Amino acid sequence: DCLECHGETGFAVPTGTQGQGPMRPLDINAQALEGSVHGGLDCLNCHNDIEQIPHKKDGLKAVDCVACHLSLGEGAAPPRKSWLGFDEMEIVIQTKGYTHSIHADAHLDPGANKAKASNAGCADCHTAHYVYPPSDPQSSVHRLNSPERCGACHEKALAEYRTSIHGAALKTPWKGESATCADCHSSHRISAKEGVESHRVVVDQCGNCHERETRSYQATTHGQLAWLGHKDVAQCKDCHAPHDTRKSDDPGSKVHPDKILETCRTCHKNAGPEFAQFRAHADLGDYRRNPEVWWLGRIMVGIVIGVLIFFYAHSMLWFIREVKSRPIAWVKVDGRSYPVRTKRHKHQSGCHFRRFSWQWRVNHWALALSVMTLVFTGMTVMYPDTAWAMTAIRLAGGWEGFGMVHRTAAVVFLIAVFGHGVVVIYRILRSPGFQWFGPDSLLPRPKDWHDLKAQFLWFFGQGEPPRFDRWTYWEKFDYWAVYWGAFVIGLSGIILWLSDSLSAVLPGWVFNLATLAHGVEAFLAVTTLFVVHFFNNHFRPSKFPLDTVMFIGSWDLEEFKEERPEHYARLHASGELEHLLVDPPSPTANLLSHILGFTLLGIGLTLLVLVIIGFAGRGLV
């Protein structure tokens with residue numbers, strides 16, 4: 001019935017008054033309509049406000065494609081192939097993507113009729129009646145047709161695209177497929193070009209073709225911070241031009257050797273000539289193009305693997321040995337006796353040995369809190385594409401405040417570490433009789449090696465546990481590992497922090513090395529501190545669930561005898577022990593120390609889980 005009028009070629013109505021003005025075509029190609037994905041529908045399925053012929057004098061309302069598509073997901077039945085030939089849930093997902101896109105926002109088209117539902121409706125891209133699958137060359141959104149379709153509104157972008165490497169390759173299909181509009185911007189998740197979501201979509205889409213380059217970009221400071229919404233770092237479009245993309249050896253390219261420094265100076269105003277050596281795509285697997293990064297990556301990853309294998313094995317063997325060393329109690333069940341290993345009871349002497357003064361405890365708290373803050377803010381940058389990192393940035397209100405918190409925590413951390421070292425050296429220099437390699441020194445000595453061997457023999461049941469003095473070999477490792485980490489993380493962090501000034505004098509690849517060293521060393525710190533250090537001091541069976549010595553500063557005398565027999569014997573023989581004995585902590589102090597201790601342990605373990613999630617999804621480098 002509809003085709004009696006609309007099937008007539010040339011059928012149209014005037015748009016002006018009194019039958020004047022341009023004609024609005026209303027004719028339909030029935031054959032093309034029947035071959036489209038909507039060919040199985042009746043006209044009234046879409047134009048459902050038509051009640052009579054002729055139609056309403058004030059016109060028909062716009063067809064609501066969105067409501068119809070979203071209704072496919074409202075049924076209780078599982079997704080199925082719809083009458084369109086597509087999976088219903090995929091239609092719903094794509095439509096929801098459109099409703100959140102920039103095209104669905106009517107306010108972004110100043111000249112639009114305010115009654116219009118969007119600035120680019122479904123029909124603007126897919127046409128009103130001749131909707132074909134994107135894979136069909138007849139489709140207006142087929143990859144070969146989409147540039148011209150999008151260019152109907154985005155004329156400048158289309159003009160640039162036609163002369164770009166993508167557009168030129170599209171005209172020479174024998175060279176292989178090239179990227180079109182939807183390949184970079186996606187089909188429906190199109191957001192404002194200034195927004196962080198637009199950057200994420202484009203980077204994701206670029207990765208479909210340029211997987212290696214995208215991954216290496218995201219491992220740089222540019223990629224990490226841009227993903228989190230930092231507006232002052234380079235994105236893909238800043239170096240490669242958003243539509244006029246050219247090969248790197250094209251003189252018109254922004255990354256051509258003759259132009260790359262000028263491109264860098266767009267952001268880094270003071271960049272010197274050597275800054276152009278920065279590896280925007282520092283691929284660790286490409287030795288030819290990134291030899292410095294390749295070597296440092298191998299060294300740093302080797303250190304991480306070696307340290308973790310040794311100390312994780314050390315912790316597991318220690319755990320097994322302590323469990324086996326527990327006393328056996330016989331428990332009767334249904335008249336039969338079964339051996340059960342019980343936790344060794346700690347004898348309380350009623351007297352405590354002061355191990356740490358309040359100054360060192362405050363220093364430790366400053367160190368612990370600053371490290372945890374650095375881990376949270378730093379790992380958010382290292383693993384920016386994890387859900388928890390993006391949520392953290394959103395809750396913080398953006399990257400700016402996050403960066404300030406990170407740098408403040410870094411200053412506290414460095415003061416706590418190197419300030420501690422200065423005080424220790426000062427005290428040593430004021431003690432003429434101090435033995436640099438004696439029992440009170442934190443420098444490694446032969447006894448540490450002998451203790452390590454004895455400990456492993458004990459692990460395998462081949463001897464007695466070693467008799468430790470004031471400092472154990474694992475405590476010395478923890479101590480000097482902090483200085484090593486502070487030097488590597490601190491130096492690389494300062495280079496990145498002062499990059500605007502240092503770019504005038506340092507070659508660009510130095511900043512690649514700083515980024516790599518900063519992230520990998522931080523990862524090593526997390527996986528040793530929150531696993532090995534926590535186990536050695538809190539989670540091994542004889543200490544579980546918490547050792548409060550760093551919070552209250554003292555050990556029970558019986559615990560001190562068991563943990564440090566050599567130190568106890570020395571102090572007892574010299575008569576110094578009685579000067580270091582103190583009263584046990586009050587119940588209130590003991591309660592507060594447990595609350596503080598469990599809080600810090602909980603935060604540390606939570607951070608460890610977040611880092612593991614990031615590592616599982618993206619790896620180390």
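Where is the place of Ser186? In this predicted model, Ser186 is found in the loop between helix 10 (181-185) and helix 11 (196-209). This residue is a suitable starting point for the tour.

**First stop: two residues with positive phi**

Please select Ser186 and display its backbone. Its phi is near 75 degrees, a positive value in a residue other than glycine. Ser186 has a relative accessibility of 10% and therefore counts as buried, the limit being under 20%.

Next, select Thr127, in the loop between helix 6 (122-126) and helix 7 (146-151). Thr127 is not a glycine, yet its phi is positive, at about 70 degrees. Is Thr127 buried or exposed? With a relative accessible area of 18%, Thr127 is buried.

**Second stop: cysteines at the start of the chain**

How many disulfides does the structure hold? The number is 0. To examine this, select Cys2 and Cys43 and show their sulfur atoms. The cysteine sulfur closest to that of Cys2 belongs to Cys43, at 3.8 Å. A disulfide requires sulfur atoms within 2.5 Å, so the separation of Cys2 and Cys43 is too far for a bond.

Now add Cys5 to the selection. Cys5 is in no disulfide either, and its nearest cysteine sulfur, that of Cys2, is 8.7 Å away. Cys2 is partly exposed, with a relative accessible area of 35%. Cys5 likewise counts as partly exposed, at 40% relative accessibility.

**Third stop: two cis peptide bonds**

Select Ile53 and Pro54 and look at the bond that links them. The peptide bond from Ile53 to Pro54 is cis, with omega near -5 degrees. Pro54 belongs to the loop between helix 3 (43-46) and helix 4 (65-71).

Then move to Phe544 and Pro545. The peptide bond from Phe544 to Pro545 is cis as well, and its omega is near 5 degrees. Pro545 sits in the loop between helix 23 and helix 24 (549-552).

**Fourth stop: helices that cross**

Colour helix 16 (residues 291-324) and helix 20 (residues 446-459). Their axes come within 9 Å and cross at roughly 50 degrees, and the two helices are therefore oblique to each other. The crossing of helix 16 past helix 20 is left-handed.

Next, colour helix 17 (residues 358-382) and helix 19 (residues 399-429). These two pack at an angle of about 145 degrees, and their axes are 8 Å apart. What kinds of residue make up the contact of helix 17 with helix 19? By class, there are 18 nonpolar, 8 polar and 1 charged residues. The crossing of helix 17 and helix 19 is left-handed.

Keep helix 19 in view and add helix 21 (residues 473-497). The axes of helix 19 and helix 21 come within 10 Å and cross at roughly 135 degrees. That angle makes helix 19 oblique to helix 21. Helix 19 passes helix 21 in a left-handed crossing.

**Fifth stop: residues within helices**

Return to helix 17 and select Thr380, which lies in that helix. Thr380 has a relative accessibility of 0% and counts as buried. Adding Ala392 to the selection shows a pair that is 12 residues apart along the chain, with C-alpha atoms separated by 7.8 Å.

A further residue to select is Phe535, in helix 23 (residues 509-539). Phe535 counts as buried, at 9% relative accessibility. Select Tyr568 together with Phe535: the two are 33 residues apart in sequence, and the distance from C-alpha to C-alpha is 24 Å.

**Final stop: an open sheet**

Finally, display the strands 6, 5 and 7. In what order do these 3 strands form the open sheet? The order is 6-5-7, and the pairing is antiparallel. Strand 6 (554-556) and strand 7 (581-582) stand at the edges, each with a single partner strand, so one side of each has no neighbour in the sheet.

Strands of a sheet pair through backbone hydrogen bonds. Here, strand 5 (residues 352-354) is joined to strand 6 by 3 bridges, and the two strands run antiparallel. To see one facing pair, select Arg354, which stands opposite Ser554 in strand 6.

Key. Residues are numbered from 1 along each chain as its sequence is written. This is a predicted model: local features need pLDDT of at least 70, side-chain atom pairs count only at pLDDT 80 or more; totals for chains, interfaces and linings use all residues. Side-chain values use heavy atoms; hydrogens and water are left out. Axes are lines fitted to C-alpha atoms, for helices over the stretch in contact, and angles run from 0 to 180 degrees between N-to-C directions. Helices (H or I, at least four residues) and strands (E, at least two) are DSSP runs, numbered from the N terminus. A crossing is left-handed if the near helix is turned anticlockwise from the far one by less than a right angle, and right-handed if clockwise. Ala, Val, Leu, Ile, Met, Phe, Trp, Tyr, Cys and Pro count as nonpolar, Asp, Glu, Lys and Arg as charged, and the others, Gly among them, as polar. Two strands pair if DSSP finds at least two bridges between them. Buried means under 20% relative accessible area, exposed over 50%, partly exposed in between (1.4 Å probe, protein chains only). Angles under 35 degrees count as roughly parallel, over 145 as roughly antiparallel, 65 to 115 as roughly perpendicular and the rest as oblique.
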